[in-house]
Amino acid sequence: MFFRQIQQHSDNFSYIIADEDSKEAAVVDSSYNADELTKIIKQEKLKLKYVINTHGHSDHTAGNTELISDFAAKLVAYKQSKTLHDIPVDDGDVLRIGKISIRIIYTPGHTVDSICLLVDDQKLFTGDTLFIGECGRTDLPGGNGKAMYESLFGKLLKLGDAVEVYPGHDYGVKPSSTIGEQRKTNYTLKPRSLQEFLDFMSQP
Ligand SMILES: [Zn+2]
């Protein structure tokens, strides 16, 4: 699998994943990285099929228009997302680029339209739901602590320890991790009841 993590003009990460045989590719969160993404896609002669938004916050979608104008790609977002999209997706949906599968995991909490993407059961793109050593904030409009609890503990932590974690921002001590390592070291993922988690998240 072709894979790049890109971070240029801010702490926002963008990602390119591609199937090396068919050259079909997807971008996860264009953010402020459209120029670099475009350069790599052209250099590698990739066929950009999807630009997938982990959620609608503008720091993640900022490069969409530029990317779409350069390539015949479709914008993908959660079905109820207010961000502009061509392909609405729901929990459990699977997109394909060549032989690679991209499974949608609906993970509200940071926003109502947050999704994580599980690629070939191996790489997890977590947007602003889970960071390395942190989780996403729930105090912005559309945020919901109970939904975040269910997304983290009911969905993401159910994945295997070997699954690699690629977050939407460079907030951690390193740019990526694994579910197993986060389970052990991320203080937001310590075992807590729902009420304990809500109390924890509401601390200043
Ligand atoms: Zn966000």
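Buried means under 20% relative accessible area, exposed means over 50%, and partly exposed lies in between, with a 1.4 Å probe and protein chains only. Keep those cut-offs at hand for the whole tour.

The model is predicted: local features need pLDDT of at least 70, side-chain atom pairs count only at pLDDT 80 or more, and totals for chains, interfaces and linings use all residues. Residues are numbered from 1 along each chain as its sequence is written, and side-chain values use heavy atoms, with hydrogens and water left out.

**Stop 1: D29**

Select D29. At 2% relative accessibility, D29 counts as buried. Find D29 in the loop between β3 (24-28) and α1 (34-43). Helices (H or I, at least four residues) and strands (E, at least two) are DSSP runs, numbered from the N terminus. Check the backbone of D29: its phi is positive, about 60 degrees, although D29 is not a glycine.

**Stop 2: the zinc ion**

Select the zinc ion with H55, H57, H110 and D128. Which atoms reach the metal? The protein donors are NE2 of H55, ND1 of H57, NE2 of H110 and OD of D128, at 2.2 to 2.3 Å. Donors here are N, O and S atoms within 2.8 Å of the metal (3.2 Å for Na, K and Ca); water is not among the atoms, so sites may look incomplete.

Now look at the angles. They run from 92 to 169 degrees among the 4 donor atoms, and the site is irregular. Four donors count as tetrahedral if all angles lie between 85 and 135 degrees; four count as square planar and six as octahedral if opposite donors are over 155 degrees apart and all others between 65 and 115; anything else is irregular.

Trace the chain through the donors. Their spacing is H-x1-H-x52-H-x17-D. H55 and H110 link distant parts of the chain, 55 residues apart. H55 sits in the loop between β4 (47-52) and α2 (58-61), and H110 in the loop between β8 (100-106) and β9 (115-119). Both H55 and H110 are buried.

**Stop 3: the six-stranded sheet**

Show the open sheet of 6 strands, in the order β7-β8-β9-β10-β13-β14, with mixed pairing. β7 (94-97) and β14 (177-178) stand at the edges with a single partner strand each, so one side of each has no neighbour in the sheet. Two strands pair if DSSP finds at least two bridges between them.

Start at the β7 edge. L95 and I97 point to one face and are buried, while V94 and R96 point to the other and are not. β7 runs antiparallel to β8, with 4 bridges. Select L95 and I102 to see one bridge between these strands. In their hairpin, 2 residues lie between the strands, and G98 takes a positive phi near 55 degrees.

Move to the hairpin of β9 and β10. These strands are antiparallel and share 3 bridges. V119 has K123 of β10 as its bridge partner. The hairpin has 3 residues between the strands. D120 is in that loop. Its phi is positive, near 50 degrees, in a residue other than glycine. Is D120 buried or partly exposed? D120 is partly exposed, with a relative accessible area of 31%.

Colour β10 (residues 123-127) next. Here 5 of the 5 residues are buried, so the strand is largely enclosed by the rest of the structure. K123, F125 and G127 point one way, L124 and T126 the other.

Step across to β13. β10 and β13 run parallel, joined by 4 bridges. G127 stands opposite P167 in β13. Finish at the β14 edge: β13 (residues 164-167) and β14 are antiparallel, with 2 bridges. E164 faces T178 there.

**Stop 4: the largest pocket**

Select E134, C135, G136, R137, T138, D139, Y187, T188, F200, M201, S202 and Q203, which line the largest pocket. β12 (134-135) and α6 (194-201) are the elements that give two or more residues to this lining. A pocket is an open set of points on a 1 Å grid over the protein atoms alone, where a 1.4 Å probe fits, with protein on both sides within 12 Å along at least five of seven lines; lining residues have an atom within 4 Å of a point. The volume is about 240 Å³, taken as the space filled by probe spheres set on the points, which are joined across faces, edges and corners.

**Stop 5: D199**

Stay on helix α6 and pick D199. At 41% relative accessibility, D199 counts as partly exposed. Draw a C-alpha to C-alpha distance from D199 to Q80: 28 Å in space, 119 residues apart in sequence.
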